[in-house]
Amino acid sequence: MIDEKYLRCHGAVEKKFTAGSCIFSHGTIQNHYYQIIDGIVKLSNTGYDAKDMTFQLLRNREHISLYSVFVEMPSLHHAVALTDCRILVMQKDNFNQMIGRNKVLMLMVLKELSSDFYYQPLKGCCYITDSAENKIEHLFHSLKYDETDQELLSFVIKMSLQQISYIANLSIKTVRSAIENLEDQGLIKIVKGKIFF
């Protein structure tokens, strides 16, 4: 989203998070802007049944909960590194001063926030379906979203069945069955244990 060098010039620092590390938790007040350099971050809520419900995956150059830089309210979700990640972290006050001095950047941030809210129902649609195949296919589309090559079977899913199971809130047995069904439908191909989507 925002140029990495520009952020660093205005006080952002790079932090490393190992897979499974908590970046921030539900209920905390956010005092930082976060932008992913590399890796995958999942945003999730804990449901009434105490199950972790993933609702969004974020990747390179994406921000994490940009809206939280502008409100003094507790976070409504957790942000956890799904893979090893490098993330630029910037104090909220520095971020607000930076965009306050740069009207072009401010407009870009407003457009990004608008885009986030516009696509929010689409991003969460895989979690309102009961179909395991639909959940997994939507997850794979989310992972492939920013890739230049959108041809069928051109993208390698770099996740284990356990990780897919965790994100889609499905058992490993259900994930295996759904992946077999997706392969039978020609939507994925498995070669030497790698899933191509």
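The points below go through the confidence, sheets, helices and salt bridges of this predicted model.

1. Confidence. The mean pLDDT of the chain is 86, and 90% of the residues score at least 70. Among the elements, strand 1 has the highest mean pLDDT, at 98, and helix 3 (residues 103–123) the lowest, at 77. Statements about helix 3 should be read with that value in mind.

2. The sheet of strands 1, 7 and 3. These three strands make an open, antiparallel sheet in the order 1-7-3. The edges are strand 1 (13–17) and strand 3 (32–38); each has a single partner strand, so one side of each lacks a neighbour in the sheet. On average, neighbouring strands here are turned by 35° against each other, direction ignored. Strand 7 (residues 85–91) pairs with strand 1 over five bridges, in the antiparallel sense. Within strand 7, Arg86 is the bridge partner of Lys16. Helix 2 (residues 92–100) packs on this sheet and touches strand 3 and strand 7, its direction making about 75° with that of strand 7.

3. Strand 6 and its partners. Strand 2 (residues 22–24) runs antiparallel to strand 6 and is joined to it by two bridges. In this pairing Cys22 stands opposite Val80 of strand 6. Strand 4 (residues 41–46) is also antiparallel to strand 6, with four bridges between them. Here the bridge partner of Ser44 is His78 in strand 6. In a regular strand, side chains alternate between the two faces of the sheet. Both faces of strand 6 are covered: His78 and Val80 are buried on one side, and Ala79 and Ala81 are buried on the other.

4. The sheet of strands 8, 10 and 9. This is an open sheet of three strands in the order 8-10-9, with antiparallel pairing. Strand 8 (156–157) and strand 9 (189–191) are at the edges with a single partner strand each, so one side of each has no neighbour in the sheet. Strand 8 is joined to strand 10 (residues 194–196) by two bridges, and the two run antiparallel. Ile157 stands opposite Ile195 in strand 10.

5. Helices 4 and 5. Helix 4 (residues 132–144) has 13 residues and spans 18 Å from its first C-alpha to its last, close to the 18 Å expected at 1.5 Å a residue. Its buried residues are Ala132, Glu133, Lys135, Ile136, His138, Leu139, Phe140, Leu143 and Lys144. The list includes the charged residues Glu133, Lys135 and Lys144. In helix 5 (residues 161–168), the buried residues are Ile164, Ser165, Ile167 and Ala168. Asn169 follows helix 5 and has a positive phi, near 60°.

6. Salt bridge within helix 1. Side chains of opposite charge can pair when their charged atoms come close. The whole structure holds five salt bridges. In one of them, Arg8 pairs with Glu4, with the closest N and O atoms 3.0 Å apart. Both residues lie in helix 1 (residues 4–9), four residues apart, about one turn of the helix. Arg8 is partly exposed, at 34% relative accessibility, and Glu4 is partly exposed too, at 31%.

7. Salt bridge between strands 3 and 7. Asp38 pairs with Arg86, the closest N and O atoms being 2.7 Å apart. Asp38 belongs to strand 3 and Arg86 to strand 7, so this pair ties together parts that are 48 residues apart in sequence. Both ends are partly exposed: Asp38 has a relative accessibility of 25%, and Arg86 one of 27%. Arg86 is also the residue that faces Lys16 as its bridge partner in the pairing of point 2.

8. Salt bridge to helix 2, and the network. Which residue does Glu72 meet in a salt bridge? The partner is Lys92, at 3.1 Å from N to O. Glu72 sits in the loop between strand 5 (52–58) and strand 6 (78–81), and Lys92 in helix 2, so the pair ties together parts that are 20 residues apart in sequence. The two ends are not alike in exposure: Glu72 is exposed, at 60% relative accessibility, whereas Lys92 is buried, at 5%. Elsewhere, salt bridges with shared partners join Glu4, Arg8, Glu14, Asp38 and Arg86 into one network.

Definitions and conventions: Residues are numbered from 1 along each chain as its sequence is written. This is a predicted model: local features need pLDDT of at least 70, side-chain atom pairs count only at pLDDT 80 or more; totals for chains, interfaces and linings use all residues. Side-chain values use heavy atoms; hydrogens and water are left out. Two strands pair if DSSP finds at least two bridges between them. Axes are lines fitted to C-alpha atoms, for helices over the stretch in contact, and angles run from 0 to 180 degrees between N-to-C directions. Contact means heavy atoms within 4.5 Å. The expected span of a helix is 1.5 Å times one less than its number of residues. Buried means under 20% relative accessible area, exposed over 50%, partly exposed in between (1.4 Å probe, protein chains only). A salt bridge is a side-chain nitrogen of Lys or Arg within 4 Å of a carboxyl oxygen of Asp or Glu. pLDDT is the predictor's confidence in each residue, from 0 to 100.
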